[in-house]
Amino acid sequence: MNDSEQAPLISDEGEVGFVDYQDFVSKEPFQFVSGGSIPELTLRYETYGHLSAAKDNAILICHALSGDHHCAGVHGIEERKQGWWNFMVGPGKPIDTTRYFVICSNVLGGCQGSTGPGSINPATGRPYNLDFPKLTVQDMVKAQSLLIDSFGIDRLHAVIGGSMGGMQTLQWAIDFPQRVGRYIALACGARHTAQAIAFNDTGRQAIISDPEWKGGNYDPQEGPAQGLAVARMMAHITYLSDVGMESKFGRKRRSGDQSREHFEVEFEVESYLRYQGASFVTRFDANTYLYLTKALDRFDLHSPESLDVTLQAVTAPGLVVGFTSDWLYPPQGNREVVEALLRLGKDATYAELAMDFGHDSFLLRAPQLYELMHRFLSR
């Protein structure tokens, strides 16, 4: 996932401004789909806007693999980087914080304040590491439902997410149909293709084969930085598109003494990917990367019976958005979900946007995406 572009598209848009994160703590044991459990959990989250007296205006935003709870605003006056969906969330924006109370949490299994493999196991006083139970998207959603309970919210106005967040969104519509007023799933699908699983596993192997991984029991201040960086570089390629990369980099070369170059950075695209890898290891945990990518690979709405049987539980109207240049989650995978919903007589809409920026198109400003989001949330 790339960071969103930040400049406002509409002149009367506002900003949510300074924001602080909060921690939701449940002291009750949490049972995973796998059968494993943890004695307690923490979810880090942020909110924007105000919850109405009737508690009927809440929107839950679900983040992608490398995202987190910080989707809008800034944490301080010195911070230049706004939240990852800042252009979409705020006063006058499609997810209008003058109308809606917006909640975004770091997922269970994450490494930005929520309980995950790097958290301390209260039973041992040491990090869970690979003792953390097998993780699924269902587990993420179940944990989020506890957070929503803590606000006293019975029914969400909407659940919205892209990529891994889109999978969570669909899971919400399936597991908690009575609690979802509507949903918007972007750039996702009913399950990973073999190609997506292959890319994820290659990234995992880059981490696991790094000597510093140490069977998952690495020092949090050290760890398999090289393996994680390579995993990120490879994954990042899948978030872009051939057209987008050609437009942005082409075959542009870095300046320097090329007579001495062997395998150092020569092309601009190499420099860009190495920067992405190096910056990622400063904010992400390697074991979390293993757990989250495996959870995505396990996500399969065709199982245990069929896609139609799984989606039978859905009652809320839904909007699914695919992007023409997304080769990680191709449009047909998004469309397939809506075709199944329509076969079942559900209220579902599919939109396919022609954008050249690959999988991460949902993170870029586009008038047509603005219009879709605004209209669907207002209907």
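Which residues line the second largest cavity? Select Phe 199, Asn 200, Gly 203, Ala 231, Met 234, Ala 235 and Tyr 289, which form that lining. This is a predicted model in which local features need pLDDT of at least 70 and side-chain atom pairs count only at pLDDT 80 or more, whereas totals for chains, interfaces and linings use all residues. Residues are numbered from 1 along each chain as its sequence is written, and side-chain values use heavy atoms, with hydrogens and water left out.

**The cavities**

On a 1 Å grid over the protein atoms alone, a cavity is a set of points where a 1.4 Å probe fits but cannot get out, and lining residues have an atom within 4 Å of a point. Grid points are joined across faces, edges and corners, and a volume is the space filled by probe spheres set on the points. By this rule there are 2 cavities of 30 Å³ or more.

The second largest cavity, whose lining was selected above, has a volume of about 40 Å³. Helix 3 and helix 4 are the elements that give two or more residues to its lining; helices (H or I, at least four residues) and strands (E, at least two) are DSSP runs, numbered from the N terminus. The lining of the second largest cavity comprises 5 nonpolar, 2 polar and no charged residues. In this classification Ala, Val, Leu, Ile, Met, Phe, Trp, Tyr, Cys and Pro count as nonpolar, Asp, Glu, Lys and Arg as charged, and the others, Gly among them, as polar.

Next, select Leu 65, Asn 200, Tyr 239, Leu 328 and Tyr 329, which lie nearest the centre of the largest cavity among the 18 residues that line it. Helix 3 (194-208) and helix 4 are the elements that give two or more residues to this lining. The largest cavity holds about 150 Å³ of space, and its lining divides into 11 nonpolar, 6 polar and 1 charged residues. Asn 200 appears in the lining of the largest cavity and in that of the second largest cavity.

**Helix 3 against helix 4**

Now display helix 3 and helix 4 together. Two packed helices are described by the angle between their axes and the distance between the axes. Helix 3 and helix 4 pack at about 165°, with axes 7 Å apart; axes are lines fitted to C-alpha atoms, for helices over the stretch in contact, and angles run from 0 to 180 degrees between N-to-C directions. The two helices are therefore roughly antiparallel to each other, given that angles under 35 degrees count as roughly parallel, over 145 as roughly antiparallel, 65 to 115 as roughly perpendicular and the rest as oblique. Their crossing is right-handed: a crossing is left-handed if the near helix is turned anticlockwise from the far one by less than a right angle, and right-handed if clockwise.

Phe 199, Thr 202, Gly 203, Ala 206 and Ile 207 of helix 3 make the contact with Gly 227, Leu 228, Val 230, Ala 231, Met 234 and Thr 238 of helix 4, where contact means heavy atoms within 4.5 Å. By class, this contact has 7 nonpolar, 4 polar and no charged residues.

**Helix 4 against helix 6**

Keep helix 4 and add helix 6 (residues 268-280), whose axis comes within 8 Å of that of helix 4 and crosses it at roughly 130°. Helix 4 and helix 6 are therefore oblique to each other, and the crossing is right-handed. On helix 4, the residues to select include Leu 228, Arg 232 and His 236; on helix 6, their counterparts in the contact include Tyr 272, Arg 274 and Phe 280. The residues of this contact divide into 8 nonpolar, 3 polar and 2 charged.

**The second largest pocket**

A pocket is an open set of points with protein on both sides within 12 Å along at least five of seven lines. The second largest pocket contains about 430 Å³ of space. Select Cys 111, Tyr 218, Pro 220, Phe 284 and Asp 285, the closest to its centre of the 28 lining residues. Helix 4 (225-239) and helix 7 (286-298) each supply at least two residues of the lining, and the largest share, 3 residues, comes from helix 7.

**Two loops**

Finally, centre on Pro 304, in the loop between helix 7 and helix 8 (307-311). A cis peptide bond joins Ser 303 and Pro 304, with omega about 10°. Then move to Ser 163, in the loop between strand 11 (158-162) and helix 2. Phi of Ser 163 is near 60°, a positive value in a residue other than glycine.
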